Amino acid sequence: MKKPILTLLMLSFCWLLKAQEDMSMVWEKKLDHKIDYNGTGTEKRGFSYAASDKEMTVFRNEDGSIVWTKSYKEITPDLRKVNEFIPFWESNTVFLFDRKLGKDQIACIDMKEGKLLWHTEKYQNISEDLVMYIAEEDAFILSLKKELVFINARTGEEIWSTSKFKGAVGKYVYNPNDKSLVMVNFVPSGLGALFSGFKNQIARINITNGEIIWENTYIGRAERKVWTKEFVYELDVSDNKVFLRMNGMQVYDYNTGASLWSAAFDFTPEGVPKPAPKVLKFGAYGTVSDPVIVGNDMYVLDMSDKRHQYVKKYDVNTGQLLWTSSEINKARVIPEMYVIDDKVVLQIGGRVETQYHRRYKSGDKIYFEWARSYPEVKPFGVQAFNTSDGSKAWDSEKFKKGITNMLRYGDDVIVCSGKELYSINVQNGDQKYAVDVKNGGVGQAALIQKYGDNEIVVVGEKGISKFKVDNGDLICSAKYKKSNLEDRIDDILIMKTDKADIASYDLSNCDYKEFKAKKDASTTLSLDGKFVYVYEKKVVTKLRTK
C-alpha cells in the first residue's frame with residue numbers, strides 16, 4: 001500500500017506546484033535613441049516617456065505608438081544635455097534638469113505636446129521632494145532654503161513667496177471656499193542640512209497671497225517614503241477641526257490653529273538594518289501601528305521612551321486619557337495593534353518595510369538602485385491587554401525567536417513565526433493550531449498576507465503558498481526561484497529576483513507568469529497590476545501579468 005499512497009501524494013504535490021509560463025507580450029517598440037531614463041504613466045492617463053541624455057520620446061501606453069520624439073535643443077535652446085527628470089503626471093508636465101555646479105537649469109515642458117512651457121536658472125538644488133503640485137490651482141510650491149515660492153505651472157510666473165514656512169510641503173488639505181491650504185512641513189531624507197532652523201510646522205496659508213493665517217507645532221516626524229513617495233501620515237479637516245494622525249492623533253482648531261488635544265509621541269525606530277553598501281536615502285515604515293478607534297474610544301501606542309512603552313486609551317471626542325496600560329517590554333517596533341472584543345492585541349517586533357536608494361559598483365560600472373525590503377526587528381512577541389483597564393491579559397512565549405507579522409481574522413489572530421503559522425485565541429492566548437509553512441514547498445516565510453475571508457498567502461523565499469484560515473490546510477503553492485516581494489495589487493502579487501527577473505502571481509489559484517530580464521533592464525508595474533513595462537537599451541516592451 002505504501003507505493004500507491006506515495007504516488008498519490010506526489011501527484012497531489014505536483015498539482016499544487018504550478019507550472020511556469022512566460023508573460024505574454026502586448027507590444028514591443030524600438031526607439032531611435034537609447035533609454036537612460038523612463039517614466040510610466042497610468043493606463044488611464046495613457047502615455048509614458050523614455051529618454052537619453054540628448055533626446056526624449058513620449059509614447060502611448062495602449063499600443064506603443066510614438067506621440068513625439070525630440071532632441072532637447074528642439075524643445076529649448078538653453079538645454080543641450082539633460083541629466084535628471086522629475087515628472088508631475090497630474091499636471092502633464094516634466095521638469096528637465098541640466099545640473100551644473102552652482103548653476104542648475106530647469107526647463108518645464110508639456111509632456112503631451114513636447115513644447116517648452118518655461119525655463120529658469122533662478123531655483124537651485126531642486127529635488128522631487130522639494131516640489132509639490134497643487135492641482136486645485138494648477139501651480140507648484142517650491143521649497144527653497146530660505147523661502148517658499150508659489151509659481152504658475154504653465155508659465156513659471158512667481159505669484160508669491162514667504163519665508164515664514166520652513167521645510168518641504170507635505171500632505172495638504174485645500175479649501176476652495178476660503179482659498180486656503182492646511183499643510184504640514186517635513187525634511188526629506190538626506191536633505192537635513194538644507195533647512196537650518198527647521199521646526200515642525202503645521203500651518204494654514206492663504207493660497208492667493210501667501211499670508212500665513214495661523215501656524216502651530218506638531219509632535220513627531222512627518223515623512224514621505226523615499227522611493228514610492230506615499231506620505232506616512234494622514235491630514236484631514238472636519239467640523240472646523242484639523243486632524244493630524246501621525247504616531248498618534250493631534251487635533252487643532254481650523255479657524256485659529258489652537259491645539260485642542262493631543263495623543264501623540266515622537267518616535268525614531270531603532271534596530272532596523274540598512275542594506276549595504278552606499279545607501280544614499282533610507283526610510284523605515286510600518287514600525288508603529290496606527291491608532292485604533294472603536295466607537296468613542298481610541299487606543300494609541302506610546303513609544304516616546306526607548307525603554308518603556310504603553311497602550312493608552314482616550315476619549316476620541318475630548319482627548320481625555322482614560323487609562324494607561326501596564327508596561328510593554330522594551331519593544332523597538334510594534335507594527336500591529338488590533339482591538340478584538342475586550343482585548344488589545346499587539347505584535348512586538350517582526351518585519352517592517354524599508355525603502356532605500358543606494359549606489360553600488362559591479363565590475364567597472366556604477367549602478368544606482370531604488371528598492372524596498374522587509375527586515376526583521378527584535379525583540380519578538382505577542383501580548384494582549386484588557387480594554388476595561390489596560391491590565392495585561394496574556395503574553396505568548398511562542399514567538400520569542402521570530403515573527404514575520406500578524407493578521408486579524410474575525411475574533412482570532414494568525415501569527416507567523418517564519419517557520420510556522422499559528423492561530424491564536426485572543427481571549428486567552430491559547431493556540432488553536434500550528435502549521436509548518438514548509439508544507440507549501442516555497443521555503444521559510446518572509447511575510448503573510450490576507451486573501452479573501454478565509455485564506456492566508458505565505459510569501460516565501462522561493463514563491464508563494466496559500467493556507468486555509470480555519471484549519472491551516474494547504475490550498476495551493478507555486479515555487480519560483482529565490483526572490484523578494486516587489487508589489488501586491490488586489491489579486492496580483494509580484495516577486496522579483498536580484499537580477500530583476502519577475503514572477504506575477506494570480507492569487508486566486510497560485511498560477512504565475514515569468515519574465516526573464518536582460519542585464520540592466522528596468523521594469524515598472526502598472527498601478528492596476530495588469531501590465532509590466534520593460535525598458536532596455538532602445539526597446540520598450542509591454543507585458544501582460546495575467
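R80 sits in the loop that links α2 (72-75) to β7 (84-88). Keep in mind that this is a predicted model. Is R80 buried or exposed? Its relative accessibility comes to 56%, and since the cut-off for exposed is over 50%, R80 counts as exposed. R80 also has company out there: together with K54, K73 and K81, R80 makes up a positive surface patch.

Now let's hop along the chain to strand β44, which covers residues 492-496. Here the picture is one of burial. Five of its five residues are buried, so β44 is largely enclosed by the rest of the structure. Look at where the side chains go: I492, I494 and K496 point one way, while L493 and M495 point the other way. Both sets are buried, K496 included.

What does β44 pair with? On one side of the story is β43 (residues 484-489), which runs antiparallel to β44 and is joined to β44 over five bridges. In this pairing, N484 stands opposite K496. The two strands form a hairpin with two residues between them, and D490, in that turn, has a positive phi of about 55°.

Then comes β45 (residues 502-506), again antiparallel to β44 and again connected to β44 by five bridges. This time I502 is the residue standing opposite K496. β44 and β45 form a hairpin too, with five residues between them. Its turn holds A500, whose phi is positive at about 75°.

So K496 is a handy residue to click on: K496 is buried, and K496 stands opposite N484 in β43 and opposite I502 in β45.

How values were computed
Residues numbered from 1 in each chain as written. Predicted model: local features only at pLDDT ≥ 70, side-chain atom pairs only at ≥ 80, totals over all residues. Heavy atoms only, no water. Buried < 20%, exposed > 50% of the residue type's maximum accessible area, 1.4 Å probe, protein only. Helix = DSSP H or I, 4+ residues; strand = E, 2+ residues; numbered from the N terminus. Pairing = 2+ DSSP bridges. Patch = residues over 30% accessible without salt bridge, like charges linked within 9 Å, V, L, I, M, F, W, Y side chains within 5 Å. Areas by Shrake-Rupley, 256 points an atom, 1.4 Å probe, with all protein chains shown as cover. Salt bridge = Lys/Arg side-chain N within 4 Å of Asp/Glu carboxyl O. Lys, Arg positive; Asp, Glu negative; His and termini not counted. Charge placed at Lys NZ, Arg CZ, Asp CG, Glu CD.
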